[in-house]
Amino acid sequence: MAAFGSFALLIGLALAAYNLAAGALALRLIATGQPARIAPERLADTARRAGIASFWAVTAAAFALVYSVFTNDFSITYIMEHSNRALPAPYKFAAMWSGQEGSLLLWAWLLAGYGFVLRLTHKSDVKLYAYAGTILAGIQFFFLLLLNFAAPPFSLFSGPTPADGNGLNPLLQYPEMVLHPPMLYLGYVGFSVPFAFALGALMMRYPGEKWIKITRGWTMITWLFLTCGIFLGMHWAYAVLGWGGYWGWDPVENASFMPWLTGTAFLHSVMMQEKKGMMKSWNVWLIFSTFLLTLLGTLLTRAGLVSSVHAFAQSSIGTWFVVFMGIVLAVCVFTYILQRDHLKSDHQIESVVSRESSFLFNNLVLLTACFVILWGTLFPILSEYVQGTKVTVGAPFYNRVAVPIGLFLLFLTGVGPLLPWRSTSMKAVKRNFVLPCIALWAVVIAGPIVGVRPWHDGAFDRGNFYALIAFAVGAAVLTAIFSEFLRGARVISRQTGRNLLSGTWQLTRRNTRRYGGYIVHIGVVLVVMGLSGQAFNRSQEAELGLHTKLNIGPYTLDCIGFTQDSNANYNSEYAMLNVYRNGKYQFQMTPEKRLYLVSGQPQTMVAIHSLPSWDLYVVYEGTNPDTGRPIVKAFLNPLVGWIWFGLAVIVFGTLVALVPGVSSASTAALKAQAERPVAEAVLKGGD
Amino acid sequence: MRALPRASIWIRTAEAVVLAVAVCFSLGATSAASRFDNLSRQLMCTCGCAQLVGECDHAGCTSRAQEMTELTAGIAGGKTDQQIMSAFAAKYGATVLAAPPARGFDLLAWVAPFAVFGAAIVGTILLIRHWGNLPGGRMEPIAESNPATMTPEERARLEQIRRETGTDGGF
């Protein structure tokens with residue numbers, strides 16, 4: 001199987017090389033109109049077919065690796081290092097992306113998959129797709145070069161074949177780890193597609209903005225995958241690492257967050273180009289930057305430039321990535337300089353207080369946030385270079401610098417949709433902002449009364465203060481969004497005689513993009529509120545003997561015993577804790593400590609009881625080596641469930657935005673009726 | 001008493017808010033427990049787990065235990081937060097501090113993000129004003145909005161606004 005896999009990768013490389021070379025030649029011939037022996041259109045089609053065949057070759061290689069994991073073929077070094085016989089089946093899949101070579105193969109396979117779909121749907125716009133397909137082939141060529149020469153997944157173990165493998169890293173033996181990396185990679189790799197379209201459109205001086213419409217779906221799906229990947233990673237960190245948190249501003253986390261920020265900025269700013277012909281250069285560079293950031297993130301985490309608790313696959317492929325990033329950047333800059341006159345934008349903007357401006361500010365804040373994170377991630381390297389000593393840039397830095405910027409972004413999330421296009425009047429500002437302002441001040445006043453106080457133990461607490469601000473701004477944003485829904489629903493209700501709920505449904509169906517976007521914003525507010533709850537986390541740690549009690553918040557944890565279990569993969573110890581609330585028995589929690597047999601590594605499995613108000617989070621840390629007594633740490637983490645619920649709302653909103661709006665003739669008249677008051681109000685300087 | 005102009009009331013309210021926030025930010029943690037909690041989240045655990053010492057979850061982690069003991073002793077000994085942080089940095093190296101100190105070259109870590117943010121805000125405002133002054137950048141207002149009495153140009157503008165307000169927004 002190793003020979004088959006290696007051969008498949010070689011074939012894939014050859015096909016990608018042909019796709020790149022023949023595609024580039026054909027496009028060159030088409031562009032210059034030079035005569036050739038073969039019709040350039042036919043040559044381009046052979047290139048496209050080679051791209052499709054390359055997908056099957058990489059699929060065969062991926063299959064070979066998975067097959068080898070499942071058949072315990074420890075003659076392959078990668079399998080020996082990342083799997084073992086007792087590893088449960090789902091984690092055998094996870095073994096594929098738990099190491100350098102396997103994760104690169106996953107990357108190449110997903111890229112080939114995206115390319116496969118793109119090449120099959122080429123009839124939407126044959127020429128643009130040919131450009132995009134050729135650019136994707138170039139990226140694919142790089143990854144297949146890596147897989148064939150720098151990080152081959154099928155290299156054979158030197159020496160006699162071991163009876164068993166080293167096993168999978170215990171940190172990765174958790175259900176999210178079967179989903180989180182593929183989701184994240186679908187997001188990372190997916191940004192290659194809008195990048196390829198943007199670069200292709202620029203190369204061919206694509207007329208109009210159709211390429212943006214074509215790539216919108218790709219970009220949104222990619223963004224959704226990346227979002228889900230990031231949140232799954234957060235949940236994994238929360239449930240496995242056992243420190244009670246979910247985001248530690250680790251370089252690997254930052255690496256995934258940066259392209260998310262620029263991708264989000266791109267999703268917003270393309271609307272300005274689509275509708276108003278503005279920000280063309282900006283958008284092109286946003287998507288270029290997003291793609292480059294996905295590569296930079298991989299470089300940072302794979303090349304060992306920065307230390308991380310998440311870096312499971314470090315190696316020496318950094319140089320390859322640096323060279324590739326250099327080539328990509330050079331191609332982007334060269335193409336931009338050559339074609340920049342094609343990106344001449346209209347600049348129809350009148351006022352700092354307008355919808356157009358809010359898009360600009362939104363982009364500005366997202367990019368500043370991206371800069372802050374990149375700066376914090378790279379500063380240790382810079383500091384070491386300048387001063388000779390390394391410094392740590394951890395959570396306290398980001399909490400002080402990034403949180404205020406994030407709050408400003410949250411504020412814009414609410415303000416933007418309330419601002420009319422062109423410019424606004426004081427009358428419109430008053431009408432649109434009264435309710436959100438009331439909500440904001442109501443929370444500011446009520447917050448301290450219900451316990452959200454910007455002080456702790458008699459002293460000012462920055463975290464609590466930011467949390468109060470986040471709740472207040474979040475309430476204002478939610479009020480603003482709901483009033484937008486209500487305003488539109490009322491118009492429809494008046495016109496059609498339907499009730500408000502039905503009006504809201506009609507409203508959303510007619511303009512899925514706008515109202516899907518609003519739903520996403522609601523999800524973002526829920527997530528931010530959930531994150532703010534972190535400021536009020538409480539924890540208690542104790543050595544628990546039999547019937548020793550641990551109190552936290554309204555709960556009392558009564559230790560009723562410890563037990564052990566074992567299977568072929570690991571031995572485990574459980575603490576059995578009866579949980580009482582106000583003296584009344586509620587449920588039992590069994591936090592676990594595992595010892596993986598092959599690797600000999602310990603791992604905690606946290607017990608979590610989630611409520612909308614908080615999570616009771618209990619970690620069995622093991623036994624104190626000095627006293628031999630078990631240590632249990634309990635956390636009461638407010639509002640964590642809001643984060644995961646917020647993600648569900650974001651996913652729902654994105655799916656709504658992806659669905660085409662209803663535009664049948666029957667609703668067109670209704671739509672015109674419903675929109676007339678809005679448009680006329682705008683003309684009068686209203687909303 | 002003479003009533004203040006409306007703008008002046010707003011300015012004074014804003015001043016009061018800024019002052020209140022500044023006073024809040026200038027207050028430090030006072031109780032020993034608060035200081036311990038605060039400082040334990042500004043120091044890294046030196047066991048190599050890349051976690052804050054207050055959040056290190058390794059059972060029996062000797063580094064955490066030692067740092068916690070030193071932190072408790074520092075607070076009990078009447079040292080200021082700055083003295084405690086300096087003592088840790090001197091003993092374990094600068095990497096024990098979870099954030100760069102705000103002095104020397106490391107001050108750049110703190111200044112650069114806000115400088116970039118401020119410059120970007122000012123730049124964006126100037127850009128918007130510049131675009132507004134470009135030919136065609138500022139559109140003439142339409143006084144009459146009754147479709148029946150509109151000129152073709154106004155009608156086109158109305159259509160444009162309908163298009164923008166009707167199908168734009170969201171993603």
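**Figure 1. Domains of chain A in the predicted model.** The domain assignment splits chain A into domain 1 (1-173), domain 2 (406-511 + 661-683) and domain 3 (543-641), all shown here as they appear in a predicted model. Note that domain 2 is written as two segments, 406-511 and 661-683. Between the centres of domain 1 of chain A and domain 2 of chain A, taken over C-alpha atoms, lie 47 Å. For the model as a whole, the scores are ipTM 0.78 and pTM 0.86.

**Figure 2. A close look at helix α8 of chain A.** Welcome to α8(A), which covers residues 192-203 and has twelve residues. From its first C-alpha to its last the helix reaches 16 Å, close to the 16 Å expected at 1.5 Å a residue. Twelve of the twelve residues of α8(A) are buried, so this helix is largely enclosed by the rest of the structure. Among them you will find A:Pro194, A:Phe195, A:Phe197, A:Gly200 and A:Met203. Just beyond, α8(A) is followed by A:Arg205, whose phi is positive, near 50 degrees.

**Figure 3. The largest nonpolar core and A:Phe143.** This core has 234 residues, and those with the most contacts inside it are A:Ala108, A:Leu111, A:Phe143 and A:Val618. Helix α9 of chain A (residues 210-241) gives the most to this core, with 18 residues. Zoom in on A:Phe143 and you can trace its contacts with A:Leu104, A:Trp107, A:Ala108 and A:Leu111, leaving aside residues up to four places away in sequence.

**Figure 4. The surroundings of A:Val524.** A:Val524 is found in helix α18 of chain A, which runs over residues 512-532. This valine has 22 C-beta neighbours inside 10 Å, and A:Val524 therefore counts as buried, the cut-off being 20 or more. Setting aside residues up to four places away in sequence, A:Val524 touches A:Thr413, A:Gly646 and A:Ile650. For a sense of scale, try A:Leu382: A:Val524 and A:Leu382 are 142 residues apart in sequence and 33 Å apart in space, C-alpha to C-alpha.

**Figure 5. Confidence along chain B.** Chain B averages a pLDDT of 73, and 57% of the residues score at least 70. Among the elements of chain B, helix α4 (residues 81-92) has the highest mean pLDDT, 87, while helix α6 (residues 152-167) has the lowest, 58. Over residues 139-145 of chain B the pLDDT is below 50, and this stretch has eleven contacts in the model beyond near neighbours in sequence. Residues 166-171 of chain B also have a pLDDT below 50, with 24 contacts in the model beyond near neighbours in sequence.

Definitions and conventions: Residues numbered from 1 in each chain as written. Chains lettered and ligands numbered in written order. Predicted model: local features only at pLDDT ≥ 70, side-chain atom pairs only at ≥ 80, totals over all residues. pLDDT = per-residue confidence, 0-100. Helix = DSSP H or I, 4+ residues; strand = E, 2+ residues; numbered from the N terminus. Contact = placed C-beta atoms within 7 Å. Expected span 1.5 Å × (residues − 1). Domains from an automatic or database assignment. Core = buried A, V, L, I, M, F, W, Y, C linked by C-beta atoms within 7 Å.
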